[in-house]
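Me: I've got a model open and I'd like to go through the labels people put on it. Can you back each one up for me?

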Amino acid sequence: TAQVETFEFQAEVRQLLQLMIHSIYSNKDAFLRELVSNASDALDKLRLEAFRDKDLQVDTDDLHIELAVDKDARTLTVRDNGIGMTRDDVVRLIGTIAKSGTAEFLRQVRESQDAAGAQDLIGQFGVGFYASFMVADKVELVTRYAGEAEGTRWESGGEGTYTIEPVADAPQGTSVILHLKAADAEEQLTDYTTPWKLREIVKRYSDFITWPIRMETTKPAVDEDSEPTTEVETLNSMKALWARPQSEVTAEEYSEFYRHIANDWAEPLKTVQMSAEGTFEYQALLFIPSHAPLDLFMRDAHRGIQLYVKRVFIMDDCESLIPEYLRFVKGVVDAADLSLNVSRETLQQDRQIQLIRRRLVKKILSTVKDLRGADAEKYRTFWTEFGRAVKEGLVQDTDNRDAILEICSFDSTLDPEQPTSLRGYVERMKEGQQHIYYMTGDSRSVIENSPHLEAFRDKGYEVLVLTDPIDEMWVDAVPEYDGKQFQSIAKGQVDLDTEEDEERKAEYADFLTWMSESLKDAVKEVRLSKRLTTSPACVVGDSGDLAPNLEKMYRAMGH
Ligand code: ADP
Ligand code: MG
């Protein structure tokens with residue numbers, strides 16, 4: 001009909017679809033998790049919307065997800081009566097990828113040499129709705145937004161274009177109809193029209209979904225006189241994982257829940273469960289991922305905590321519950337005594353939320369500290385992936401500074417292969433050494449070749465080698481660790497010997513005056529140094545000056 005419009009997919013979506021169609025990801029079953037996860041989100045949104053907008057004309061009595069199979073037509077339908085999408089939503093959400101990090105993700109996939117590498121990458125990136133194209137060669141989506149009269153039908157074979165048309169009689173919510181690919185030789189066993197197969201996948205991936213996932217099954221007639229019987233089964237147990245006692249939940253269930261909320265196909269590095277009863281009742285289930293998201297250092301990076309109130313989903317990305325430097329932590333907080341009407345603005349002022357936030361931060365920091373003692377390899381992964389973000393906390397979160405310092409690792413001159421804890425550094429400090437010495441710079445080799453280092457090396461003093469741009473920030477903000485001040489070896493006067501050599505000074509006075517005079521356009525002062533052993537001279541910054549790296553950074557930013 002004339003109302004069918006054809007659109008082209010955005011270039012990134014086209015690439016992503018090619019990856020799905022040629023399915024370099026081996027775990028195809030995961031498409032169902034993605035669709036169920038979307039349906040569950042849509043039901044959460046509708047419940048909240050209906051609560052907030054009493055005029056919304058929707059029936060919320062039987063919110064659920066439904067799987068329907070047509071063996072002859074080889075279709076599998078995933079249906080929900082959730083919030084639905086408007087026509088514009090469909091074009092915006094299904095035709096394009098709004099997620100930051102997608103372009104970077106695709107570039108990495110292109111550049112990864114082998115299929116296994118690419119598969120690894122896909123595993124780190126939730127592909128969502130597009131995962132349908134791993135198992136279907138045509139996908140239809142019919143949806144109607146809550147409260148709207150007209151629905152929208154979307155259809156695509158995944159090859160470059162999709163069509164959109166209005167639908168007069170679409171039911172409330174969204175149906176995704178997968179026209180399943182013919183099973184090829186190597187996948188003879190995977191038939192997504194088989195009830196036991198679907199039952200198994202739902203149980204494995206989506207058991208904790210708090211909405212019923214139903215499937216209608218038909219039992220063949222027992223004898224010639226009877227009819228085949230149909231029955232509706234609920235496939236999942238619907239238990240909110242964070243509300244169940246830890247002893248009853250398996251590691252696998254936690255992992256699947258993590259994948260659901262984090263949009264990550266990998267395992268979490270660490271699971272943290274917390275609860276409090278009494279005046280401030282809440283439960284929290286948090287995860288430290290095993291790898292950093294691609295947008296960790298992008299401006300619009302999300303915070304990973306979802307807020308629930310007594311099992312009712314309230315919002316994603318709850319920034320009031322977690323500070324920016326822990327933005328990589330994923331999870332759920334379910335608070336008992338909040339109003340369902342809370343907004344982002346009121347949350348910021350809420351005393352209960354502030355209290356929960358303080359506890360989450362302390363718990364995460366202590367968890368990482370314990371991890372450092374208990375599992376060195378996991379701790380190393382943590383630090384490699386998130387260390388740069390955590391160090392932002394040294395500047396942002398003065399209350400927890402000591403706890404953050406305890407989980408930091410720094411390169412040092414002791415061993416190029418082995419970063420050190422501050423605890424380790426302090427334990428190795430030489431007799432008479434007062435400070436924790438560090439030098440910041442662009443790279444390890446620049447620092448190692450710096451004349452500033454010579455005297456320290458000769459004395460056997462260890463020096464922290466700080467090469468992240470963020471290091472320049474925190475060294476200025478953090479005065480001390482364990483009573484020892486941080487001291488740059490490149491700034492001001494470093495007293496390696498406490499007794500000043502006044503005689504030498506007098507001896508060289510004329511020479512120094514002459515040299516200061518000759519160089520007065522270039523330097524503030526010329527003085528004798530004890531930090532050099534083989535180089536004849538070096539240039540140092542004043543203790544009040546910006547470190548060279550920071551100066552460069554500010555200059556680059558146009559200051
Ligand atoms: P993600 O879930 O990570 O946002 P998806 O590709 O899975 O990414 O889905 C993209 C968007 O499409 C969702 O954020 C949601 O807004 C919309 N969407 C997908 N499925 C549904 C659905 N069943 N009901 C309502 N909206 C949906
Ligand atoms: Mg999704």
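Me: What makes you say that helix α15 lies across β16, β17 and β19?
Reply: This is a predicted model, to begin with. Contact here calls for C-beta atoms within 7 Å, and helix α15 (residues 469–477) lies across those three strands. Its direction runs at about 145 degrees to β16.

Me: Which sheet do these strands belong to, and what is its order?
Reply: An open one of five strands, ordered β15-β17-β16-β19-β18, with mixed pairing. At the edges sit β15 (411–412) and β18 (480–481), each of which pairs on one side only.

Me: How do you know that β18 and β19 count as paired?
Reply: Pairing takes at least two bridges. β18 and β19 have two bridges, in the antiparallel sense, so they meet that cut-off. Tyr-481 has Lys-484 in β19 as its bridge partner.

Me: And what joins β16 to its neighbours β19 and β17?
Reply: Three bridges link β16 to strand β19 (residues 484–488), running parallel. Another three bridges link β16 to strand β17 (residues 464–466), also parallel. On the β19 side, Ile-436 has Phe-486 as its bridge partner; on the β17 side, Met-439 stands opposite Val-465.

Me: Why is β16 called mostly covered?
Reply: A residue is buried once 20 or more other C-beta atoms lie within 10 Å of its own. In β16 (residues 436–440), five of five residues are buried. Ile-436, Tyr-438 and Thr-440 point one way, Tyr-437 and Met-439 the other way, and all are buried.

Me: Which residues touch the most other members of the largest nonpolar core?
Reply: Met-439 is one of them, along with Met-20, Val-36, Leu-321, Val-333, Val-463 and Leu-464, in a core of 121 residues. Helix α2 (residues 30–52) gives the largest share of this core, nine residues. As a general point, nonpolar side chains tend to be buried together in soluble globular proteins.

Me: What does Leu-321 touch, leaving out residues up to four places away in sequence?
Reply: Leu-321 touches Ile-305, Leu-307, Val-333, Ile-353, Ile-356, Arg-357 and Leu-360.

Me: Why is the other five-strand sheet called mixed and open, and what is its order?
Reply: The order is β10-β11-β14-β12-β13, and the sheet is open with mixed pairing. β10 (268–276) and β13 (312–315) are its edge strands, each pairing on one side only. Neighbouring strands are turned by 20 degrees against each other on average, direction ignored.

Me: What makes β10 and β11 a pair?
Reply: Eight bridges, in the antiparallel sense, between β10 and strand β11 (residues 282–289). Pairing needs at least two, so the label holds. Thr-271 stands opposite Phe-287 in β11.

Me: Which strands does helix α7 touch, and which does helix α9 touch?
Reply: Helix α7 (residues 251–262) packs on the sheet and touches β10, β11, β12 (304–309) and β14 (330–335), with its direction at about 95 degrees to that of β14. Helix α9 (residues 351–374) packs on the sheet too, touching β10, β11 and β14, and makes about 140 degrees with the direction of β10.

Me: What makes Met-238 stand out in its phi?
Reply: Its phi is positive, about 65 degrees, although Met-238 is not a glycine. Most residues other than glycine have a negative phi. Met-238 lies in the loop between β9 (229–234) and α7.

Me: Why is Met-238 called partly exposed?
Reply: Met-238 has 13 other C-beta atoms within 10 Å. Exposed would need 12 or fewer and buried 20 or more, so Met-238 falls in between.

Me: What is the phi of Asp-317, and why is that residue called partly exposed?
Reply: Phi of Asp-317 is near 50 degrees, a positive value in a residue other than glycine. Asp-317 sits in the loop between β13 and β14. It counts as partly exposed because 15 other C-beta atoms lie within 10 Å, between the cut-offs of 12 and 20.

Me: Which residues come nearest to ligand 1?
Reply: Asn-38, Ala-42, Leu-93, Gly-128 and Phe-129, out of 16 residues around ligand 1. The largest share of that shell, four residues, comes from α2. By type, the shell divides into seven nonpolar, seven polar and two charged.

Conventions. Residues numbered from 1 in each chain as written. Chains lettered and ligands numbered in written order. Predicted model: local features only at pLDDT ≥ 70, side-chain atom pairs only at ≥ 80, totals over all residues. Core = buried A, V, L, I, M, F, W, Y, C linked by C-beta atoms within 7 Å. Contact = placed C-beta atoms within 7 Å. Near = placed C-beta within 6 Å. Nonpolar A, V, L, I, M, F, W, Y, C, P; charged D, E, K, R; others polar. Axes fitted to C-alpha atoms, helices over the stretch in contact; angles between N-to-C directions.
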